[in-house]
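Trainee: I'd like to learn how to read a helix and its surroundings from coordinates. Can you walk me through one?

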Amino acid sequence: MASGGGGGASVAALWSEVNRNGQNGDFTRALKTVDKILQISKDDITALHCKVVCLIQNGNFKEALSVINSHTKVLTGDSVSFEKAYCEYRLNRIENALKTIESASHQTDKLKELYGQVLYRLERYDDCLAVYRDLIRNSQDDYEEERKTNLSAVVAAQSNWERVVPENLGLQEGTYELCYNTACALIGQGQLNEALKILRRAEDLCRQSLSEDSDVTEEDIQAELAIIHGQMAYILQLQGHTEEALQLYNQIIKLKPTDVGLLAVIANNIITINKDQNVFDSKKKVKLTNADGVEHKLSKKQLQAIEFNKALLAMYTNQADQCRKISTSLQSQSPEHLLPVLIQAAQLCREKQHAKAIDLLQEFSEQHPASAAEIKMTMAQLKIAQGNITKACLILRSIGELKHKPGMPKSSVHLSLIREAANFKLKYGRKKDAISDLEQLWKQNPKDVHTLAQLISAYSLVDPEKAKVLSKHLPSSDSMSLKVDVEALENSHGATYIRKKGGKLTGENPLKEQKLPKNYDPKVTPDPERWLPMRERSYYRGRKKGKKKDLIGKGTQGTASSASSELDASKTVSSPPTSPRPGSASAVSASTSNIIPPRHQKPAGAPATKKKQQQKKKKGGKGGW
């Protein structure tokens, strides 16, 4: 046995020391001893392999990869395929890791485990699912629970990002990770109440599991519960309980969790709650979405939603150039996506460039016919904002999809536009044209008595029988009776009679107690038309001609004010309160793109991050170091 280095210590003794340090988990000392062996034999394959393992366990992935790449003549074949792919994975060189795995001639279980992780990161969920199914079917070791957790994470991801209905995997929700992933899958399908119940179960299981370890503090438990509480807050936000959601989000931020992905999603969801209000808070929160490594923690749709909200925040804070930069970048990444062009149009409207905004939308609708209907509805709304109801109606008529659909889209914007069109037609006596719009509005909301009354009024001049049939849908007089507080009304400022101190109306001579006209004569019959305006009375003959003073100050030179009012469409019908303001846009609502990601176990060979967890599991690494 050769001797040398380390004061003449034998190589055998050095290997014994390496083995002892490895079993104790002291990879720093093991690495120093391996280097002594390599000083004696620089091309020792086993020593080089051990050095790579020690570097990986210490988190020195770049150095480990450098050792592999600089000793390709010695470390040949599949001897370090897993280690190389793992270093590439941890360095976020996902495509390189995929090539390394697929080029290996022998697919070991630990290489398959890593393959599943790589496919998950690449969002190739169908392929990933197949890998984990194969592993669960053909493996018999202590890591079945971790594989099931990963399998459930893939199903949850499909449910949220691809809208795939999750299949029943038959997995027992015995751990909080499994419960959490099940809840994520339910959120993707809109089953919020059921998801909330399972998240509460996950919370109980997590607390119970961690409390068994006496070394775990309440602070540690709260840190682990943060992701579960974040998902609960997201459900509350979707259900409209924004105050409760906001409180829970802020509590999590105060804990300062180390998961940058979790913090980024929570910050983004708070920004969606703030919308165009509290922008100072939003500007602080947006910094959390820019943390290093966020892009590797979230899905493409999550990252896209965050960028949309950054663009909107830039618009609300009058950073026009920044808004244009982000929205243009988003449009180049997804040319067919509606939001980037809508944000650009909203920014132009804020700058009072409505014509440019409409031109931009028109160009997009021509390039992307599939989105033309939605874009044209936005264009119509901009025309209404400008007071041009006629052009808005023309744009609506040009939407082919709306001409042949028996029902109505559920868009509140579209309903607002139809309401504007109907009011415009009624204003100018086009009741036949208005009937079609009113019928659609009433069918969309049969409880809308106002629309029904308008419809009956329109039909009364066109088809009285139809009006009579429709009138049966009006609510009964009993159901429409108003609950009036008579006492409060009588005591109001506008009461027209005098009350005694006791509150009773005097009954002896009420006429004497009320003010009557000075020229009142009880013997003369009052004019029956006295309640009508003078112009509408039967004996009105008009004013004498030649009084030009009546025209002074009533319109522009050469016109009368009444004529100019009729020609100005902006003075006829005002935009309904349900229509968004021109140039405004809401933050991307908290949808499944803002869901906190499913739990996914660390890939095989990942070094333990907490010594407490190592003591608890006592299983060693998956890679069989």
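**Reading a helix and the residue before it**

Mentor: Let's start with one residue: Thr175 has 13% relative accessibility, so it counts as buried, the cut-off being under 20%. Keep in mind that this is a predicted model.

Trainee: Where does Thr175 lie?

Mentor: Thr175 sits in the loop between α9 and α10. Leaving aside residues up to four places away in sequence, Thr175 touches Glu145 and Leu205. There's a polar contact too: a polar atom of the Thr175 side chain is 3.2 Å from the backbone nitrogen of Leu178.

Trainee: Now the helix. What span should the 13 residues of α10 have?

Mentor: The general idea is a rise of 1.5 Å a residue, which means that α10 (residues 176–188) should span 18 Å. Its end C-alpha atoms are 19 Å apart, which agrees.

Trainee: Is α10 mostly covered or mostly open?

Mentor: Mostly covered: twelve of the 13 residues in α10 are buried. Among them are Tyr176, Leu178, Asn181 and Ile187.

Trainee: What covers the buried residues of α10?

Mentor: The cover includes α9 (144–161), α11 (192–211) and α12 (218–238).

Trainee: And which residue with a positive phi follows α10?

Mentor: That's Gly190, with phi near 80°.

Trainee: Last one: where does UniProt place the TPR repeat?

Mentor: The unreviewed UniProt entry puts "repeat: TPR" at residues 226–259. In the model, that stretch is 76% helix and 0% strand, and its end C-alpha atoms are 10 Å apart.

Note on methods
Residues numbered from 1 in each chain as written. Predicted model: local features only at pLDDT ≥ 70, side-chain atom pairs only at ≥ 80, totals over all residues. Heavy atoms only, no water. UniProt positions renumbered as here; feature names shortened; annotations may be inferred. Helix = DSSP H or I, 4+ residues; strand = E, 2+ residues; numbered from the N terminus. Expected span 1.5 Å × (residues − 1). Buried < 20%, exposed > 50% of the residue type's maximum accessible area, 1.4 Å probe, protein only. Contact = heavy atoms within 4.5 Å. Polar contact = N/O pair within 3.5 Å; in protein donor to acceptor, adjacent residues only side chain to side chain.
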